[in-house]
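This report looks at how chains meet and at a few contacts inside one of them. Please keep the sequence and the structure in view while reading.

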Amino acid sequence: MSANSWIHFFLPKDRVFYQLFEQVSDNLQKMGETLKEAVITSSSERQRELVKMIEDQEHTNDDLTHRVFLELGQNFITPFDREDIHYLASALDDVADYIHGSAKRLIMYRIQPTDEYICKLADIIYKAILELKKAILELRNMKNLRNITNACVIINSLENHADDVYDTAVTNLFALEQDPIKIIKMREIYQTLETATDKCEDAANVIESIIVKYA
Amino acid sequence: MSANSWIHFFLPKDRVFYQLFEQVSDNLQKMGETLKEAVITSSSERQRELVKMIEDQEHTNDDLTHRVFLELGQNFITPFDREDIHYLASALDDVADYIHGSAKRLIMYRIQPTDEYICKLADIIYKAILELKKAILELRNMKNLRNITNACVIINSLENHADDVYDTAVTNLFALEQDPIKIIKMREIYQTLETATDKCEDAANVIESIIVKYA
Amino acid sequence: MSANSWIHFFLPKDRVFYQLFEQVSDNLQKMGETLKEAVITSSSERQRELVKMIEDQEHTNDDLTHRVFLELGQNFITPFDREDIHYLASALDDVADYIHGSAKRLIMYRIQPTDEYICKLADIIYKAILELKKAILELRNMKNLRNITNACVIINSLENHADDVYDTAVTNLFALEQDPIKIIKMREIYQTLETATDKCEDAANVIESIIVKYA
């Protein structure tokens, strides 16, 4: 039984971090679902509704992240290294920011839906979030480290896949699109979506560095 | 009286960090003032002068940031957590970099002055810097934590305001501007200015996490 | 003899970090060399080969970075502060990512070679990597701190030079190029190359903060 497990036993107080990270991952799952619908809906009214929902979900995420930092300041004992909690909360907050940024651009740039690459990237983001959620749930008991490692490995391969989708999307965009303004808009959306998957990978890397210390 | 206050009592040496951060915030205030003038002046000669001033101010900031890191290496005792000092210095350095980056682009892209949104963003940056300065001055005695929290809250709402200004600016830019090259230039300036406010918020978040540990 | 030197004496195990950082710097040197050839070759087949090589080298770098993080989790004793090892590995990984990103864009954007500014930036990146390698080799014995400081100073001035090259390149691009799509592509390549030098400077700053603690 590791020192940290003893800490859990004596100081349930620090469990607040698990609760907060679980709430963050639940909220991220909602954001991913909403984004997936926002990129395929053919109704611009519905798209506006969905982007508004994502905006509210992003504010929820800000509040949760803020609470993690406050708890970090108030708790002398933490379930794992302070800087890992800080890094993880920041990475998950970045995921929410880039999902929100992508969604906003759908409206700002009046992107017609069902662009093949936008849909693929939104789908990859959602899959990566589901794996993050699995890994975060396992952090609470640290019993199935294998499950956590698997989730992190899957997130890494999803991020590589997103890179390939992005490269193909941008290559085709420059090869086929004549309108430079359209190119500017689409490239920026592809980039924002792809960065969201980078941030999922950052979060996965923090989680991996956390569990390595328990091995 | 907290452990840290005792440290102050016995080791004035660590006060160097307060002095350095105060010098950084004074210098940032100058940069914010110079930027505000640079975005409204109708004389391109004057604009060049002002951008040159900002360049020099940015070098001053680099030197101060460098000194913070050197002191961090040499002082075993620090007034607050080493990583917080590191984060704060980096965030304030980023504010200076993005102000400098915005100013440079005014010249590089021959932006005619008095663009409504550029002026609004420069004004928000300046206001955020004034709040950062208030908060940093209070760090020295930690007597008025309320003032620090208030400053951080104001900086957060200024950053939200900057986001809205940016979104309106870019939406209008794409709706009204026909020239793609003009769009590329203006969007990049808006983005660089908006990022400067993000960095102010990062600095505010570090300050908040510092004072939480004193509460 | 510092506490750390004793640690080395008793725990050669921690030497793994020196080995890993030296392998990273060797791999970065290869990437820099390959990039330099990729930006001047007039054969598009050869360019594709070279970019493929950079892609493989980037994967090698990912594996080495990953190993650093794993060792960081498993070693209670480290040759220098854990967060410095984390920062240094991340900064060096970013250098590799931006070299790879620049190389990929040569293909994606069908950039004809021998653009004066691209070649200059690739050359600066290579020079900065050579200095990083010098500094990293010296970390092992910490005997010649002066050499490390000199390398870091040179890297800082190389980064300043890259900034100037970037500014000139972008100013000329907007002044001379009529095609907005060409502008988008070239500006992005310049930016990616310039960011690679920023990341070299980040790595140099971490190294400097490490040795300051030994002074």
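The sections below take helix 5 first, then the aromatic pairs and salt bridges, then two interfaces of chain A. The model is predicted.

## Helix 5

Helix 5 of chain A covers residues 116-139. Its 24 residues reach 35 Å from the first C-alpha to the last, close to the 34 Å expected at 1.5 Å a residue. At its start sits a side-chain contact: an oxygen of Asp115(A) comes to within 3.1 Å of the backbone nitrogen of Tyr117(A).

Chain B has a helix 5 over residues 116-139 too. Its end C-alpha atoms are 35 Å apart, and 24 residues at 1.5 Å a residue should span 34 Å, so the two values agree. The N-terminal end of this helix is capped by Asp115(B). The side-chain oxygen of Asp115(B) lies 3.1 Å from the backbone nitrogen of Tyr117(B).

## Aromatic pairs

How many aromatic pairs does a search of the whole structure find? Over all chains, there are nine. One of them joins Tyr117(A) and Tyr190(A). A pair of aromatic rings is described by the distance of the centres and the angle of the planes. Here the centres are 6.1 Å apart and the planes stand at 90 degrees, an edge-to-face arrangement.

This pair links distant parts of the chain. Tyr117(A) belongs to helix 5 of chain A and Tyr190(A) to helix 7, with their positions 73 residues apart in the count. Tyr117(A) thus appears twice in this report: its backbone nitrogen is reached by Asp115(A), and its ring pairs with Tyr190(A).

## Salt bridges

Over all chains, the search of the whole structure finds 45 salt bridges. One example lies in helix 5 of chain A, where the side chains of Lys134(A) and Glu131(A) meet at 3.0 Å, N to O. Why are they about one helical turn apart? Because Lys134(A) and Glu131(A) are three residues apart in that helix.

## Chain A against chain C

The size of an interface is often given as the accessible area lost when the parts come together. Between chain A and chain C, that area is about 1,500 Å². Carbon and sulfur atoms give 64% of it. On the chain A side, Tyr87(A), Phe174(A) and Val212(A) lose the most area to chain C, together 34% of what that side buries. The contact takes 16 residues from chain A and 15 residues from chain C.

Two salt bridges are counted between these chains. The side chains of Arg187(A) and Glu188(C) meet in a salt bridge, at 2.4 Å from N to O. Two residue pairs are in polar contact, both at pLDDT 80 or more. On chain A, the elements giving two or more residues to this side are helix 6 (145-176) and helix 7 (180-212). Helix 7 supplies the largest share, seven residues. By class, the side divides into eight nonpolar, three polar and five charged residues.

## Chain A against chain B

Chain A and chain B bury about 1,500 Å² between them, with 64% on carbon and sulfur atoms. Which residues of chain A lose the most area to chain B? They are Met108(A), Ile181(A) and Ile184(A), together 34% of what that side buries. This contact takes 15 residues from chain A and 16 residues from chain B.

Across the interface there are two salt bridges. The side chains of Lys104(A) and Asp167(B) meet in a salt bridge, 3.1 Å from N to O. Polar contact is found for two residue pairs, both at pLDDT 80 or more. Helix 3 (44-74), helix 4 (82-108) and helix 7 of chain A each give two or more residues to this side. Its residues are seven nonpolar, four polar and four charged.

Conventions
Residues are numbered from 1 along each chain as its sequence is written. Chains are lettered from A and ligands numbered from 1 in the order in which they are written. This is a predicted model: local features need pLDDT of at least 70, side-chain atom pairs count only at pLDDT 80 or more; totals for chains, interfaces and linings use all residues. Side-chain values use heavy atoms; hydrogens and water are left out. Helices (H or I, at least four residues) and strands (E, at least two) are DSSP runs, numbered from the N terminus. The expected span of a helix is 1.5 Å times one less than its number of residues. A polar contact is a pair of N or O atoms within 3.5 Å; within protein, one must be able to donate a hydrogen and the other to accept it, and residues adjacent in sequence count only if both atoms are side-chain atoms. Contact means heavy atoms within 4.5 Å. Buried area is the accessible area (1.4 Å probe) that two parts lose on being put together, summed over both. A salt bridge is a side-chain nitrogen of Lys or Arg within 4 Å of a carboxyl oxygen of Asp or Glu. Ala, Val, Leu, Ile, Met, Phe, Trp, Tyr, Cys and Pro count as nonpolar, Asp, Glu, Lys and Arg as charged, and the others, Gly among them, as polar. Rings of Phe, Tyr and Trp (its six-membered ring) pair if their centres lie within 6.5 Å; planes under 30 degrees apart count as stacked, over 60 as edge-to-face and the rest as tilted.
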